Every structure is written in C-alpha cells, then in structure tokens.
Amino acid sequence: MIEAPNFWIRLHFWWLQLLRKILHLWVRARSEPQPLTELDISPGQPICYVLESYALSSLLILEQACRDHNLPLPLTPLEVGDIKLHRSYGALHRFQGIVLRHKRPRRSSEVLRLLLTSEKIPENQDLQIVPVTVLVGRAPEEEVGLTKILFSENWEVAGRFRRLLSLFVNGRGTFIRFGQTLRLSEFRADGLDDQRILRKCNRILRTHFRRVRTAAIGPDRSHRRTLLDNIIKRDVVQDAIEAHARKAEIPRAEAQQEASRCAHEIAANYSYTFIRSCEILLSWFWSRIYRGVEVHHFKEFQQTAPGHEVIYVPCHRSHIDYLLLSFILYQRGFVPPHVAAGVNLNLPILGSFIRRGGGFFLRRSFRSQALYATVFNEYLSTLLGRGVHIEYFIEGTRSRTGRLLPAKAGMLAMTVKAFLRSPKRPVLFQPIYIGYEALVEGRSYQKELSGSAKRKESWWDLITSVFNILRRNYGQVNVSFGQPIMLSELLTEHHAGWEKLPQDEPPKPGILNPVVDDIAQRIMVNINRSAHVNPINLLAICLLASRQRALDEQDLSDLLNVYLKLLPELPYSDSITITGKDVSAIIQYGLDLNVLIRQDHALGNIIHIEPKQAILLSYFRNNIAHLIAVPSLIASCFLHTQVVKRQRLIDICLSVYPLLRNELFLPWADVALEDVVDAHLGIFELLGLIQEVDSGKRYQRATGGSREAYLLRLIAQSLLQTLERIYITVAVLEKNGSGTLSRRDLEKLCQQSAERLSILHQFEAPEFADKVLFKQLIEQMLDMSMLQRDEESRFIFGQALAQLNIDAKLILSKEIRHSILQLAPRKLTPQLENDG
C-alpha cells in the first residue's frame, strides 16, 4: 500500500498546476472523440489514464483536457480498494538520459502492474483504464529534413529541447485522443489470472497506441526526390523506358528524361506547414460560406480504419469535395490522404499548392501512353506499399446532374493490382456521400446543362470564383461515411486462394475484371445507402413534381409531411439520415436561402421557384432520386387507374426495376424485390395513400380530387421522366424493327427524341436527354437479354420489349405515349449519318 499524499506531494501538485496554466497560455488542444461521452466512462468507478510515453507536457495537456470536459483528473489521488495512489495516470514507456534519451527497459507501467496484479480490489469496484495519445503537431513522417526535427510529431524519441520547440511552434495544433475504456471486470470475466490480465492489457494498449499514431501522423514517407529516383530505377520502369526508346526511335537517355518528367508531373509534394496553414484558412472559409458541416457515421469508420490501408472513394459533386474531406479528416485526428486530381488543375502556382496539400495528378486517359502508365502504376504502388491513405473519385469527373455517374474502373484496377503484387496491409475502400444545399459551381453547371461548353480551368476563373463565392451563403454541408468494403473479403468471394497467386505476374483479366466491377458497383451502392436528405432535397422533389413548379403552401406542407414520414420507414438502409427540421422550418429555410418565393394570395399563399432555379433544383432532387425510385414507381401505377392487383404491381416493378437499379445504383437484388414492394405498400397504407382490398389481392387509392390522390400523384411524378426515357428507347427500337439499328444509331436517335420531347413538354431536367443515361439503359437491356446483337452488331429483340410497352400503358398518360411514338424516327436522317 502506498502512503497518502504528504506535504511534498501536495506542493508538487500545485507546482504542476502552475505549469499547466503557464503552458496553456499558448497551447490549445483538440480532443477526440467528440463528444467524450462516447468513452462510456462510468461515474463513481475508479479511473486510470495511460499515456503511451511519459512527458511532462503530455501530462499537463491531459490534465487541462480533463478539466475542460469535466472528467476525473489524472493528477488527483486514486483509491481502489485498499490501494491508495497519489496520481491517477500511468505510462507504458518512460525515458532516461539528459541529452541522449532512450527508453527505460521495463515490461509494463508500474501503476498498471500494481493495480492489475493486486488482490485488494473488491468485486464492486470496476477499475476503468483509458488510453490517451497526445500529439503536438501531426506531420506525416519524412525520412529527412529540418522540418521534421523541429516541427512535427513523429516516431522518433523526442528530447526535451525538441519537445519545447515543438510546443512553441505547434502548440496550437495539439491533438489528444482518448481511446475506448478498458474495464477490469471484462478481463476477469474471461477467467484470466492477474499476470495474464496484465499481459493482455499491455498488448491491447500497445496495439491501440500504434494504430492511433499511424492514423494521426501517417506512415513513413520518403523525400519526394528520393522517392521518384527510386521509382525510375525499378526494373519494370527501366523496361518501359527501353520499349519507349525503341518505339519512338529516340536515345535511351531521352526516354529516361521523359520518364522522369512523367514522375514529376504526377507526384505529390506533401508539406505539413502547408496543411497546417490550410486548416486555419479553411476554418475561416467554411464558417464564411456555410452554416455548418455535419459529419455522420464517422465513429464507425474511426473504429474500423486503424490497421488498414484506406482508400477514400467519395461521390464527386464539387471542387470543394477534396478540400472538405481532407479538412474533416485532419480535424478528427486522421492524416489527410493523397488525392488524385485531374491534370487540368495543374496550373502554374496552383498545381504546386495542390501537391503540397497531398494532391497527385493524372491524365484523363493514358491507355496509349505505355511509359506514363508504367510510371503512374509504380507511383501508386509505392504509396500503397508505404501505407499512405489515398483518395480518388471513381466517377472520373464532377456530376453535373446530381446523380452518381457510371464508375471509371481505371484507378480501382490499379489499386487491386498493386495490392495483389504486395499485400502488406489490408485495403479498405471507404465510400463517402457529400451533400450540399447550394453549389459554389451552380452558375457554371447551369450554363453547361443549358448547352454551353465546359470552360477550361484558369487562374482568372479561380480568382473571380473565390470572390463570387464569398458573397453568399451556401447552407449546410453533410458528409456521411458509408459501409466500408474490404478488398481481401471481396477477393476471397470471387477467387478463393488468391493469396497464392504469383506476385511477380499481373493478374489475369478473368480474375481482375469481375473483382473491379464488383467493387465499383458496391462503392456506388454504399454511397447511395449513406445519403443525407436535406431541406433543399425535399423542397426540390416536391416543387419539381408540379407542372408549373408551384404549389399551394398548404399542399407543399402536406407533401413535405408525407416525405418526412415516408423516408424513415423505407427498407433502404440504416445509414440514411434526414433533416431534423419540421415542415414549417423547411419552408422558411428555403426562403432564407433564396431558393423559394412566397406569393401572398387571398385564398392561400403560393410557393414557387424562378424558372432559372428549376435546373439547379433538379440537381438536388437527383441527389436523392434513388431513395424515392421504388415509392414513385409504385405510386405511378395508380396514376390512371384507381385499383391495381398486387401481382400486377409486383410484375411491373420486376419488369422495370432492373433498368432503374443500374441507373440509380439501387441496393436490392431482383429476388428480394417482392418483399421490398410489399414493405412499400404497407407504408403507403399506413400513410393513408392507398388501402388494401380483397384480402390483400388488390390495392386501391382514394377517389380523384381527394387530397390523398393528389399527394400520391405528386409522388409518382418524381420518376416519370426516367420511365419516359425507357419508353423512348423501346419506341425507337420497335419503330425501326429488330436487326435495324446499331448501338451508335440507337443512342443518337434516343437522345434526339428526348431532346425534342423535353422542348415540346417544357421539361426542366437536362439529364432527360443525357446520352450517358441512354448508354447505361441500353447496356442493362443487353445484360438482361432484352436486346441481343446479330452478326452485324445490330440489335435484335423479342417479346420482352413488348411487355415493357404493355406496362407503359398503365404508367404513362396517352398524351406522352402518343408524343413519344410520333417523335420516334423510323430511320437515321441524312444529317445523322453525316454526323456519324
């Protein structure tokens, strides 16, 4: 038993408190997790904090953090049974030496050894052990350089002088991470004796500290010049240089220089000083243009990521995406990833800034550039081999329509190849949904969607854009971390025994391609499954369902209320989050952001939007189109009839759903669809939109003119343009006949028919005539064997298309069906042939 604190111990306590106050005149620490209630600390039970390594500054920073968050203090006495200690902390490692510091040899913290091997702790006292990591300046490690020695946290033993300099330079960038609480009762429940409890606890703590430090400061990274020189010297790059010299008929030295230019064009030049400066600037910038940044499901990612090579794969909505994600990760104790950026952003000065922030550049396509492709592959493999976290956008470009774009598999394929060649650490793909309420690129998107060509990036555009951005507020941003995808598990599903594949040979296409396609599909589905529904999404989906883009305020309120009740009940995903605002707050929010206009009227206020806003609002409607696809499909079956048989509803959904699934990246397999439809019908019935008749064999909507029928019709409108696009494709095929049209012919005819229909019926949805969507639709029809190719690669078809025609009669109005049939051309016009 250790004696209670005496005079000298109390004097030492007050001396430390004085040092703490002096230290925190300068030091500012950010604590994780937030809120600290996630630590699940039981009040009234003894608690002991454990540091990885003892340092006086770390102890004082911990003391201040505990005071700030009303936690038990580490410098106060600890009483556990008959054991009385004058402090409530311990450290796994302590150092000795005045000038040359080295670890003191020992197996465990003395405090832990005393507490965990003592028989004096009664059963009713549950000792809580909380691991704590304190990092002063979280710079990713570099192999050499004065910056590392003076400024950054790293893996080396720090002397007292270096620690003092680090506190002076980076004291305001201090990070303190509280780990998950360990409980003595849980160790005892495993039936372990005291010595085994001590060994197990030490093992858990060592693993925890190593993972937190790796996640926070990053793995070991070479100096850029040394790294690139090593890449150029590799055998595979040297072979590519030889091949390029022969093919281009140039001297080998010139080919070597070209390879070096490629490497320097690609590689990042990570700078911690730049990252720290950006954090300060971006903190001001976000507070200036946004009402807040909300992050969802980060805790799950935080628990899963340690020990993995993380590949961040967010959706791509804006240039803000990569700045925002790196900022969020840095703020929460993770090292910002290396981000793949298009070479179009490699402008003078700006390109250097992007490199210092962790950006590396790639050309849009380098399929025919063998030397560049080899250098890029080796650079990516080097990053993965060193445990550097990476971020890239598999859509390839920013979405101009608000929908997820078809995945580009190039970066995924290179990642899988690099892992198979050197599977050192397990790879985790982390899908991320980013949802905005207004876009900083809104004006340029509006112009592009209206037919203007995309402008090339320039410094002048960047400067003017920044000034324009700062003039307004863009609402709130929501970032949601989806369900991660483990590469090893996916490889095992597709190819059991992949670990035995030769690492010095590239994987065969039969092994690689199915895995890459599956990863791409799962990433897109998991991004959609983590969507956040914000007020602007809801307002867009409601107002764009009205032909005149206007609704009576009471009707808008009723429709919003239906969606707020419908969306949480959908059998889509537990990761979907929805705004916490009520109906009146949502409408007021839209007015505050100048999205809506309220027009007073004696019979009731009218809410409408300006015509120029309709295109932008279609973007935010499309953000959540996947969530309301099945509800809208079911509602559309009641548009032109009051009663529909249950089996007829299911048949229509089974017929159309596979085409929607590919376009909107929906999560359900075809075999599960019947249960999904039944679940939706049950929700509609609870909301009073339909009612079950004839013992569930049929469903009936309310009579025309009723409020319930009106709301059901508005829900149906959300998907009608997608269904019309399907019918256009069917009509063009049938009008021209089987064996007549090639793929290029069909895509052009469908696109032109859609463009004409949108003009005649005043659709404000630019994606309606999107060639990419028709291309996806045709590809899915081929996969479903609705379409086949003859010997001349022309499409042939049979009864499957006729069934879609029959289903369209229940869903689409006569006016639209007749318009589509009249617009669908029988054959290519001479103008189209010349264009081809």
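These legends go with four close-up views of a predicted model.

**View 1. The largest nonpolar core of the model, with its best-connected residues picked out.** This core counts 207 residues. If you want to know who has the most contacts inside it, look for Phe 360, Tyr 379, Tyr 392, Phe 429, Ile 523 and Tyr 563. Helix α28, which covers residues 707-736, puts in 15 residues, the largest share of this core. There's also a second core, separate from this one, made of 26 residues. Leu 16, Val 27, Leu 39 and Val 134 are among its members.

**View 2. Phe 429 and the residues it touches.** Here we zoom in on Phe 429, one of the residues with the most contacts inside the largest nonpolar core. Leaving aside residues up to four places away in sequence, Phe 429 touches Ile 311, Val 313, Tyr 392, Leu 412 and Thr 415, among others. Its contacts also include Pro 484, Ile 485, Leu 487, Ile 519 and Ile 523. Tyr 392 and Ile 523 turn up in this list, and both are also named among the residues with the most contacts inside that core.

**View 3. Strand β9, with its partners β1 and β8.** Strand β9 runs through residues 174-178, and 5 of its 5 residues are buried. Both faces are covered: Thr 174, Ile 176 and Phe 178 sit on one side, with Phe 175 and Arg 177 on the other. Yes, that does put Arg 177 among the buried residues. Strand β1 (residues 29-32) runs parallel to β9, and 4 bridges join the two. To get your bearings on that pairing, find Ser 31, whose bridge partner in β9 is Ile 176. Strand β8 (residues 128-136) pairs with β9 in the antiparallel sense, over 5 bridges. A handy landmark here is Leu 135, which has Phe 175 as its bridge partner in β9.

**View 4. An open sheet of 3 strands, with helix α26 packed on it.** Read across the sheet and the order is β24-β26-β25, with antiparallel pairing. The edge strands, β24 (643-645) and β25 (690-693), each pair on one side only. On average, neighbouring strands of this sheet are turned by 25 degrees against each other, direction ignored. Between β24 and β26 (residues 698-701) there are 3 bridges, in the antiparallel sense. Lys 645 is a good place to start looking, as it stands opposite Arg 698 in β26. Helix α26 (residues 646-664) touches β24 and β26 as it packs on the sheet. The direction of α26 makes about 75 degrees with that of β24.

Note on methods
Residues numbered from 1 in each chain as written. Predicted model: local features only at pLDDT ≥ 70, side-chain atom pairs only at ≥ 80, totals over all residues. Heavy atoms only, no water. Core = buried A, V, L, I, M, F, W, Y, C linked by side-chain atoms within 4.5 Å. Buried < 20%, exposed > 50% of the residue type's maximum accessible area, 1.4 Å probe, protein only. Contact = heavy atoms within 4.5 Å. Pairing = 2+ DSSP bridges. Axes fitted to C-alpha atoms, helices over the stretch in contact; angles between N-to-C directions.
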